[in-house]
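Subject: Structure for you to look at

Hello,

Here is the structure I promised you. Please open it next to this email and follow along. My notes on the strands and helices come right after it.

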Amino acid sequence: MTDMQILHRPYGVEHPYARSLDQRSPAVAVAGEELIIAARTTAPATAVECVLSLPSGTVRLPMAAVDGADSDAALLAGGDGHLAAAQEAALEADNGWQVVLAATPHETGTYSFVASGADGVVRSQEFSLRPASWTQEPCGRLELDDERLIPGSVRWLRSAAGIHKVRFGIRLASDEHVVGFGERYDWVDQRGHCLDAVVFEQYKSQGQHHRTYLPMPWAMVVSENTGRAWGFHLQTSRRSWYDVAASQDGVLLIEADLDPTTDPALRVATWSGTPQETLNGFLNEVGRATQMPEWVFGLWASGNEWNSQAAVMEQVHRHQSEGIPISAVVIEAWSDEESFTVFRDASYDVGGGQLPAAENLVYPADGAWPDPAGMIHDLHERGIKVLLWQIPLQKAEQSDSALAQAQRDSLLASGHMVREADGSAYRNRGWWFPGAYLPDLSTAAGRRWWTEQRRYLVEDLGVDGFKTDGGEHAWGHDLCYANGQRGDEANNLFPVHYAAAYGELLRSAGKDPVTFSRSGFAGSQPHGIFWAGDENSTWEAFRSSITAGITAGASGIVYWGWDIGGFSGPVPDAELYMRAFAASALMPIMQYHSEFNHHRRPCRDRTPWNVAEAAGEPQVVEVARRFVALRQQLRPYLASEAQDCVAGGAPLMRALFFDHADDPEIWNHPLQYKLGSKLLVHPVTQPGAKEWQTYLPQGDWEDFWTGERLHGGQMVTTAVDFFTVPVFRRG
């Protein structure tokens, strides 16, 4: 008798973009369309068959051997970087087998697997196959009160289990552009492209893969002839897809998941007016940004190698000696990455399950962080705020850390964790901190439980905010949340609740709710500050990040930034860094960060002096000094403009159509943007540029640097040394 087992899960690991080697794809089979049925064996097999049993008869289908290289896993990685290998390996597996059906049968039936090995034959359990079909029959409710809906375009995907999806078409005029869908790295105008809305951690190269940490089922349709806009919001947190006149000219095709276990309905809210009025209609529904304190507009500094108090203070002193003031330090490498609640090397008493508190923590004088409270006080005296890195996961394995073990046990005892459909604790299926528990933050009680363990950091040590990293770890349509939602509805909302939890903690401690997140969804707008996530140090990534900032603004994100010059891989070349530094001085949030490089040389810090040393170009430091000085001068302007944005004005970093929708030429210049109501910015995004052409919309302008008066409706050329980025002030 063989010990070999056959492993198959119809939904697999539920990675949004890749198949695991044990799943059916698509999980909801569609009659007449291609179906892949895959399984794995726990030991090498010589042959595997899929036995398909239907009312019309039984068919034995030979399966072909496949491995992890065939599973799209390699497409997940973004190139060089310390996390690339982990991501690429996430779906790799051995002993995979699959069969491809060119057309799924229309009949309901079952299937099972038979595997032959060296020691005999093993059979699997049976799995049901209930194919769905697209129908025009009115079996659900689409609430869309707009004349743009194409008559007869509504389709429902129905199976014996219920209604799974809805699909419909909306008319687009030939002069209309479609902008929004959350933060997007590929295009400002999505017309001619396909995309979806699901929260996903794409490690770098988001623009190439058309994926995002911060999607939204929302967009604006803007007419270049009239300057008027029409906006729509799918009032769902389930996954949705958009074919924006890519396959059929003049038609926006929309598809959205539904819950087959309940009354199938989708409501689409719409607004019209100016672009600003249209965006405000959406924000009135999902919430608008919370005003942040003025200090967020200074330079933020961080590096993953800054893993001790001495390293942090060394960098702070260097900034001061170089005349490059910083307003915030983000400390990532402060904890042991098991608890995310205590500075590394601290000793603590966790008797009786006691959780962290200032009075039961001792910091060794020769440790990495001998005096966190004193360090934070010193930084405050220098006018510098402190944010600490967080991950919304709790490692599940037994740990040598007494505190991490106590926190794990306490989490399990509290019940505040996301659960599988069978009631067991969900274990992270993603590639980052795999197997960790995911706290359930969908309720106020769950959020309080998780953040109370961090309260002493704010109230006793003086921490000013948190980098709420991650948030994309919930995979599974049938996960169970304490607020009563299933995974297909709640997973996209996890990062919204995550940032809200830390904002609630900070407010309750009398602090501004400064969180710094990369992931989110519709409803994230009120919750702090966002950055573009992990990116390479390349010119292409530079351009993609500008696009991300413009589209995030068009979706109601006011406070947004990126890692200057990219965060991953070798130190950027001097030209890229100087151009990126100049551009970032004219974005809502100005900050740099660098990836962990295992303390190997050369150091990959993105500090101006490290880039200057790596490139042999001392001018880098002077360029940084000049643009930080400019940033200091702009802080009052940025704070005032942000206040207007929060009150209902256009975004802080905004596409030109918000102020110049009546000028059709603006659509030919997607990397130009407005910073507030007065400044037009056009970063230099190509290497070797000596001159840079900018389109000035209709109206009166003046060159920010020279004061030269200029008329709009024309291209102007700017000489661009490294101390100049084209900026124009509204006349």
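Strand 14 and strand 20 (residues 251-257) run antiparallel and are joined by 7 bridges. To find the pairing in the viewer, go to Ile170, which stands opposite Leu252 of strand 20. Bear in mind that this is a predicted model.

Strand 14 spans residues 162-171. Most of strand 14 is covered, with 8 of its 10 residues buried. Strand 14 also pairs with strand 13 (residues 155-159), again in the antiparallel sense, over 5 bridges. Here Trp156 has Val166 of strand 14 as its bridge partner. Strands 13 and 14 make a hairpin, and 2 residues lie between them.

Next, the open sheet. It holds 5 strands in the order 12-21-18-17-15, with mixed pairing. Strand 12 (141-143) and strand 15 (176-182) are its edges, each pairing on one side only. On average, neighbouring strands of this sheet are turned by 20° against each other, direction ignored.

Look at the strand 15 edge. Strand 15 runs antiparallel to strand 17 (residues 215-223), and 6 bridges join the two. Gly182 stands opposite Pro215 in strand 17. Helix 11 (residues 539-554) packs on the sheet and touches both strand 15 and strand 17. The direction of helix 11 makes about 90° with that of strand 15.

One more helix to check. Helix 3 (residues 275-286) lies across strand 17, strand 18 (229-234) and strand 21 (265-273). Helix 3 runs at about 145° to strand 21.

Best wishes

Technical notes: Residues are numbered from 1 along each chain as its sequence is written. This is a predicted model: local features need pLDDT of at least 70, side-chain atom pairs count only at pLDDT 80 or more; totals for chains, interfaces and linings use all residues. Side-chain values use heavy atoms; hydrogens and water are left out. Buried means under 20% relative accessible area, exposed over 50%, partly exposed in between (1.4 Å probe, protein chains only). Helices (H or I, at least four residues) and strands (E, at least two) are DSSP runs, numbered from the N terminus. Two strands pair if DSSP finds at least two bridges between them. Axes are lines fitted to C-alpha atoms, for helices over the stretch in contact, and angles run from 0 to 180 degrees between N-to-C directions. Contact means heavy atoms within 4.5 Å.
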